[in-house]
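Visitor: Please take me through a close look at one part of this model, beginning with the way its helices cross and then following them to whatever they pack against. I am in my first year, so I would be glad of a slow and connected account.

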Amino acid sequence: MGKHQLLKYCLILSFLFTCLNAKEPYDYLVEFSKFGCRAIGTDGHRNALKYIIKNLKNPEIDSFTVDGIWLYNIYQKFPSGEPLIGIGAHWDSDRNCPGVNDGGSGVALLLKLADTLTKNPSDASIHLLFFDGEDVERAELYGSTHFASKCLDRYSFIIIIDMVGDKNLQIYKEGHSTKFFPALTDSIWQIGMEIAPHIFIPVVKYYIIDDHIPLIKYGLRAINIIDFDYQYWDTVFDTLDKCSKESLDIMYKFLLKIVYREY
Ligand SMILES: [Zn+2]
């Protein structure tokens, strides 16, 4: 076998190896769930922070303090052309809660997207936004407020995902999103309904206080995608067994359509 042929085989093998080893969103969730509670100021919080950074490529770390406790927003930016789209999720959890679906599911999807966008860039600019301090006691929204209060980027829109990995996934339109941005919310649900009509339901069921609220307050076009019928949120029962690979795969497919602008 000639040198060139050997090199070719090695490249094919390494490509196959990379493909076989590519993590799926659920694999990230399994790893992320091992940190347990990720409430600010805890060991779980510190370990989860290290894990997220390790799985990104030179992310921006935007740190700040609340009552003497350090919080960390993490931004993975993929600058390209227009438009600029943000996908956000919070990575902390409520005190004493494992927050596997609440917070964890969004992180798993953002990490998978980061990997995909590194290998296959989009024509649009994509910012993946990991917010801290959403859930300190009850929806304090520290990270998203910190981000929005000094944001100078001109986002076309930002989608906040939260509690999107549970087995019985049903995503109704969120009230504030629909009230402030009816056309945007309609078009995003249209994308979801084409992929999973049993999951994306084009009817408002709840008005939620989540990371989209400070963004809207500061003039950003932000909407919230959440399964608020998930009964285990902010409890010790929000664990991996309540989540499913299938739900995360559907959400990943949906997010791919958005970041690659297939709509
Ligand atoms: Zn949450």
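**Helix crossings and the sheet**

Guide: Helices H7 and H9 are oblique to each other, and before going into the details you should know that the model in front of you is a predicted one. The angle behind that word comes from the axes of H7, residues 182-195, and H9, which come within 10 Å and cross at roughly 135°. Because angles over 145 degrees count as roughly antiparallel and those from 65 to 115 as roughly perpendicular, a crossing of this kind falls among the rest, which are called oblique. The crossing of H7 with H9 is right-handed. On the H7 side the residues that meet H9 are Ile191, Gly192 and Ile195, and their counterparts in H9 are Ile250, Lys253, Phe254, Lys257 and Ile258. Sorted by class, this contact has five nonpolar residues, one polar residue and two charged ones.

If you now stay with H9, residues 245-259, you will find that its axis also comes within 8 Å of the axis of H2, with a crossing of roughly 125°. H2 and H9 are therefore oblique to each other as well. Here Pro25, Tyr26 and Leu29 of H2 meet Lys245, Leu248, Asp249 and Tyr252 of H9, and the contact divides into five nonpolar and two charged residues, with no polar residue.

H2, which covers residues 25-33, leads us on to another partner, since its axis and that of H4, residues 100-119, come within 8 Å and cross at roughly 130°. That angle makes H2 oblique to H4, and the crossing is right-handed. The residues of H2 that take part are Pro25, Tyr28, Leu29, Phe32 and Ser33, while H4 brings Val100, Gly104, Ser105, Val107, Ala108, Leu109, Leu111 and Lys112. Counted by class, nine of the residues in this contact are nonpolar, three are polar and one is charged. Notice that Pro25 and Leu29 appear in the contact with H4 and also in the contact with H9.

From H4 we can step down to the sheet. Six strands form an open sheet of mixed pairing, in the order E1-E2-E4-E3-E5-E8, and its edges are E1 and E8, the latter at residues 222-226, each of which pairs on one side only. From one strand to the next the twist averages 20°. H4 packs on this sheet, touching E2, E3, E4 and E5, and its direction makes about 145° with that of E3.

Strand E3, residues 81-90, deserves a longer look. E3 runs parallel to E4, residues 124-131, and eight bridges join the two; one place to find the pairing is Gly86, which stands opposite His127. Together with H4, these two strands make a right-handed β-α-β unit. E3 also runs parallel to E5, residues 157-162, to which four bridges join it. In that pairing Ile85 has Phe157 as its bridge partner, and Gly88 has Ile160. In a regular strand the side chains alternate between the two faces of the sheet.

A few places call for attention to the backbone itself. Most residues other than glycine have a negative phi, and most peptide bonds are trans. Against that background, Glu82 and Pro83 are joined by a cis peptide bond, with omega about -10°, and Pro83 is placed in strand E3. Towards the edge of the sheet, E1 and E2, the second at residues 69-78, run antiparallel and are joined by seven bridges, with Val66 opposite Ile69. Two residues lie between the strands of this hairpin, and within it Asp67 takes a positive phi near 50°. Asn58, which is not a glycine, likewise has a positive phi, of about 45°, and you will find Asn58 in the loop between helix H3, at 43-54, and strand E1, at 60-66.

Terms used. Residues numbered from 1 in each chain as written. Predicted model: local features only at pLDDT ≥ 70, side-chain atom pairs only at ≥ 80, totals over all residues. Axes fitted to C-alpha atoms, helices over the stretch in contact; angles between N-to-C directions. Parallel < 35°, antiparallel > 145°, perpendicular 65-115°, else oblique. Left-handed = near helix turned anticlockwise from the far one by under 90°. Contact = placed C-beta atoms within 7 Å. Nonpolar A, V, L, I, M, F, W, Y, C, P; charged D, E, K, R; others polar. Pairing = 2+ DSSP bridges. Right-handed = clockwise from strand over helix to strand, strands pointing away.
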